[in-house]
Amino acid sequence: TIQLRNDISREDSLNQDAENTLKKLEDEQVKLNIEFNGFDERLLEAEKNARNAADILKNAEAKFDEKNEDIARLSARYQSAQRLIQDAEKTLNRNEDEAIKAYELVASSEKTLNQAVVNFDQSQKNQTIIIKKAENTEENLIDAEVNRAAIQKREATARAEMAEAEGSVSTLRAEVTTLERMLKRETDEQGRLLDKIRVSDGYETALGAALSDDLSLPEVKEFGLSGWFSLPAYKSGKPLPKGVKSLNEFVKVPDVLFRRISQIGLVDQTDGHRLQQHLEPGQRLVSIEGDLWRWDGYAARAEDAPGSAALKLKQINRLALLKQDLEESNALAEGTKRAHELLYKELSLATEADRAARDERRQADNELTENNRFLSRSESDRDIASGQLENWKLALSRFEEAAANSKNEIKEADKSLKQLD
């Protein structure tokens with residue numbers, strides 16, 4: 001700038017010199033015009049001086065124009081450098097501000113990413129735990145269902161057995177009650193020996209054939225009454241035919257019947273007629289089917305023999321068996337009832353365990369579904385945070401690079417300005 005002012009001042013001085021010279025020439029021209037003497041010579045001299053002055057002026061003007069151009073060019077360069085500095089400073093400030101914001105966003109994104117990674121890792125750990133829990137609850141549910149089904153089947157079987165046992169008890173009790181009423185009525189009315197006899201099962205018909213209606217009479221002790229008087233045993237009883245078993249091996253009778261029962265033998269139906277001829281007076285043979293062969297030649301087939309005594313004996317035995325069966329059935333019914341009660345309680349517990357297992361399985365499914373959503377969300381948050389972090393890092397790098405470029409531009413512009421000074 002100082003140089004430029006010096007050049008301008010110098011040019012102004014040269015211009016002033018040129019003007020002074022022209023003035024002098026004009027004055028001299030006037031003098032020449034006044035002084036005509038030597039006019040041509042002086043004219044020629046003046047023209048020569050004028051031409052020299054014109055050349056000097058022309059050269060000065062050319063230099064002046066050149067200096068003006070230099071001044072304009074330097075001024076333009078100066079102004080351009082100033083504008084460049086201003087623009088570069090604005091750009092620098094803007095890039096530095098953006099870099100600060102980007103740096104803060106990078107830090108925030110890193111924090112968000114770290115939290116997202118923690119959430120995602122925790123979700124994966126939870127996923128493994130919940131899946132294992134779901135598998136365990138599924139196994140527990142299957143075991144509970146299988147156990148409940150097995151117990152339910154056993155409970156149904158026990159219930160059916162209990163119902164069957166109770167039905168059997170009811171049936172037996174009804175039959176026992178009926179027989180007891182029938183037999184009690186007859187016993188109360190007659191007081192017969194029939195009610196005091198115990199016969200092995202299956203031998204009732206044989207005993208009925210041997211004694212028939214004689215068993216309907218009671219034991220008596222007074223003369224003049226109908227019935228059985230007690231007499232001493234035979235001093236020397238006559239044996240039954242060889243190989244024949246006495247009926248008293250299969251029945252238990254009062255002592256009053258001992259004489260009679262000791263003389264009754266039990267034979268096969270096919271042997272009775274053959275052995276009848278070997279009987280001693282008072283002896284009889286009977287078959288298990290109810291056939292009778294008497295010592296005096298009398299014989300009666302089973303289907304022809306009176307059967308009331310045999311029927312009563314069968315009823316007595318039937319009643320005894322029924323009572324025994326009823327007792328066993330009662331015990332069985334009580335056992336099945338207790339078994340059913342235990343199984344019913346066990347089934348209730350198994351049903352509750354099954355319900356609890358279903359609730360746990362449903363809860364595990366809900367937890368798994370919720371964790372799947374959280375896992376997807378945390379994975380998405382992680383990916384978004386990672387992308388944002390990368391973007392803000394790139395932006396920070398870009399702003400820092402732009403700020404560095406702006407600083408270099410300012411530095412170069414300052415250097416240019418110093419050169420212009």
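1. A definition to start with: two strands count as paired if DSSP finds at least two bridges between them. With three bridges, strand S5 and strand S6 (residues 292–294) therefore pair, and they do so in the antiparallel sense. Please keep in mind as you read on that this is a predicted model.

2. Let's stay with that pair for a moment. S5 and S6 make a hairpin, with four residues lying between the two strands. Within the turn, Gly290 has a positive phi of about 110°. If you would like a landmark for the pairing, look at Val286, which stands opposite Leu292 in S6.

3. S5 also has a partner in strand S4 (residues 264–267), and here the two strands run parallel, joined by four bridges. To find this pairing on screen, start from Ile264, whose bridge partner in S5 is Arg284.

4. Now for the side chains of S5, which covers residues 284–287. Arg284 and Val286 point one way, while Leu285 and Ser287 point the other way. Which of these are buried? Both pairs are, Arg284 and Ser287 included.

5. Helix H3 is worth a look next. The helix is mostly covered, with eight of its eight residues buried. Among them are Glu204 and Thr205, as well as Leu207 and Leu211. Just after the helix, Ser212 takes a positive phi of about 50°.

6. Following the chain onward, you come to Glu219, in the loop between helix H3 (204–211) and strand S2 (245–246). Is Glu219 buried, exposed or partly exposed? Its relative accessibility is 30%, so Glu219 counts as partly exposed, given that the partly exposed class lies between the 20% and 50% cut-offs.

7. What does Glu219 touch? Setting aside neighbours within four places in sequence, Glu219 is in contact with Leu193, Lys196, Trp228, Ser230 and Val256. A further distance you may like to check is the one to Pro254: the two residues are 35 apart along the chain, and their C-alpha atoms are separated by 9.1 Å.

8. Last, a residue in helix H6 (residues 308–420): Asp354. Why does Asp354 count as buried? Its relative accessible area is 6%, and buried means under 20%. Leaving out neighbours within four places in sequence, Asp354 is in contact with Leu141, Ala144, Glu145 and Arg148. Both Glu145 and Arg148 are worth displaying when you look at Asp354, since each is on that contact list.

Notes
Residues numbered from 1 in each chain as written. Predicted model: local features only at pLDDT ≥ 70, side-chain atom pairs only at ≥ 80, totals over all residues. Heavy atoms only, no water. Buried < 20%, exposed > 50% of the residue type's maximum accessible area, 1.4 Å probe, protein only. Contact = heavy atoms within 4.5 Å.
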